[in-house]
Amino acid sequence: MGKIPCPLPFQSKQKSINSDQFHPIYSDLSSSSSLSLSRSSSSLYSQPSLPSVPSLTPLSTHSELLSNTFCASTFTGLSSSVFCLSLAGKHLYTGTSNGEIRLRNKDPLNQEKNYSIVVAQKQSKSSVKSIVIFGDKLFTAHQDHKIRVWKIDNHDDDIEASNQNYYKCIATLPTLNDRCMRLFSAKNYVEVRRHKKCTWVHHVDTVSALAISSDNSLLYSASWDRTFKIWRISDFKCLESVWNAHDDAINAIALSKNGYVYTGSADMKIKIWKKEQGEKSIHTLIATLEKHKSSVNALALSTDDSVLYSGACDRSIIVWEKDSGGDKMVVSGALRGHTKAILCLCVVDDLVVSGSADKTVRIWKKGIGKSYSCLAVLEGHNGPVKCLTASFSNSNSNSNSNSNDFGCGNSYVVYSGSLDCDIKVWKIWVP
């Protein structure tokens, strides 16, 4: 195992940043969010690891990837921390702590189409926590407890940086119609804290994560208010709210193709939910996974949904696999190497990518049996790595390194966003 430094000059105004300095970014939370504030702030700090969970990474790992992996570019110029990234077609969407949503060409080496457009800036200055895209709609989750829906009027490569009129906010969830429909019946109200009630369609704290169902009909939202909600994409109606799903803030949500919902929380638990078939058609708790000893910050499913990866403040990524019966998730082991909290995870093909408060990105690959290898440690950020996304590399792109020169293998591009306000683009070739 080796480390890949970023060879490009670092252009951020903040040249050297300590991860302990980042917790003030949450200071604009409302007073009702004080509990979630402390949980979210603590997610940047290291907690004790998990000695009871066996390690899946051998002491000696291969480093054949290192000579074929490099930092292709650094996107600079953002004025605040990068909180979320999302890929859609040929575009990379970025959400920041000051509420800015930005669109970029995802290929930094294509200079002819290298543009950057501010999608949203004036509508809300509330932090953007999550971005998902479906068709011509862009969904964003915010710290001000709201979900915003944007209409994409043009989604091809001919967008110029001078034109910002391709995106329009068409809805804020819950919609006005949804709110009015629930006002006049007492059964629609829930107690959010002592002596305060609101209708169940509202999130009452930061919306931390979004996910779209496999059939593209439903939007799932998770929140620090300990609930997750289900919205119908066709008309943005709130269909269901799972109240008190956890004992603390929900930080992550993941959906499988067969309808299972996984939620990870600051209460150290991962819960598995399944929608009941029948007249009620509501989500019920199937199982609770308890191995982490600190806040669960990130979840990711393998491409075939058979493996769940969970990252937490205990510096470990726990690997959960289905048992022989295929109906229960059991601990397979842990991936260790990060020296601080795991903040984000993503899966591309058979690779697992992790970002941490230790300012590094690690690339993991499953080996023989249950073992994993850490193929590379990517260094270059000056702050905690808060978000990740990845895709197969476009073989037609111009590159400093041609993967065909190394023989047979797969090329990938990993995008990492950090609290240092920069986005790095990593080119990876796996033999």
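**How the labels are earned**

Student: What makes Lys151 count as partly exposed?
Tutor: Its relative accessibility is 28%. Buried means under 20% and exposed means over 50%, so a value in between gets the middle label. Bear in mind that this is a predicted model.

Student: Why is Asp136 called partly exposed?
Tutor: Run the check again: Asp136 comes out at 32% relative accessibility, and partly exposed covers the range between 20% and 50%.

Student: How do you know that Asp136 forms a salt bridge with Lys151?
Tutor: Look at the closest N and O atoms, which are 3.8 Å apart. The limit is within 4 Å, so the pair passes. Asp136 sits in the loop between strand S7 (128-134) and S8, while Lys151 belongs to strand S9 (residues 147-152), so the salt bridge ties together parts 15 residues apart in sequence. There's also a network of salt bridges here, linking Asp136, Lys137 and Lys151.

Student: How many salt bridges does the rule give?
Tutor: The count comes to 10. Another one of them joins Asp178 and Arg182, with the closest N and O atoms 3.4 Å apart, and the cut-off is 4 Å, so that one passes too. Both residues lie in helix H2 (residues 176-182), 4 residues apart, or about one turn of the helix. Both are buried as well.

Student: What makes Lys269 and Asp247 a salt bridge?
Tutor: Their closest N and O atoms are 3.6 Å apart, and the rule asks for within 4 Å. Lys269 is in the loop between S18 and S19, and Asp247 is in the loop between S16 and S17, so this pair connects parts 22 residues apart in sequence. Lys269 is partly exposed, at 21% relative accessibility.

Student: Why is the pair of Phe139 and Phe236 called edge-to-face?
Tutor: First, the rings have to pair: their centres are 6.5 Å apart, and the rule takes centres within 6.5 Å. Next comes the angle, 75° between the planes, and over 60 degrees counts as edge-to-face. The rule finds 5 aromatic pairs.

Student: What does that pair tie together?
Tutor: Phe139 is in strand S8 (residues 137-142) and Phe236 is in the loop between strand S15 (228-232) and strand S16 (238-242), so parts 97 residues apart in sequence are tied together. Both Phe139 and Phe236 are buried.

Student: How do you know that S18 and S19 pair?
Tutor: Strand S18 (residues 260-265) and strand S19 (residues 270-275) are joined by 5 bridges, and at least two are needed. They run antiparallel, with Val261 opposite Trp273 in S19. They belong to an open sheet of 4 strands, in the order S17-S18-S19-S20.

Student: What makes S17 and S20 edge strands?
Tutor: Each of them pairs on one side only. From one strand to the next, the twist averages 25°.

Student: Which strands stand at the edges of the open sheet with the order S2-S31-S30-S29?
Tutor: Strand S2 (70-75) and strand S29 (385-392) do; each has a single partner strand, so one side of each has no neighbour in the sheet. The twist there averages 20° from one strand to the next. S2 is joined to strand S31 (residues 423-430) by 5 bridges, and at least two make a pair. Phe75 stands opposite Ile423 in S31.

Terms used
Residues are numbered from 1 along each chain as its sequence is written. This is a predicted model: local features need pLDDT of at least 70, side-chain atom pairs count only at pLDDT 80 or more; totals for chains, interfaces and linings use all residues. Side-chain values use heavy atoms; hydrogens and water are left out. Axes are lines fitted to C-alpha atoms, for helices over the stretch in contact, and angles run from 0 to 180 degrees between N-to-C directions. Rings of Phe, Tyr and Trp (its six-membered ring) pair if their centres lie within 6.5 Å; planes under 30 degrees apart count as stacked, over 60 as edge-to-face and the rest as tilted. Buried means under 20% relative accessible area, exposed over 50%, partly exposed in between (1.4 Å probe, protein chains only). A salt bridge is a side-chain nitrogen of Lys or Arg within 4 Å of a carboxyl oxygen of Asp or Glu.
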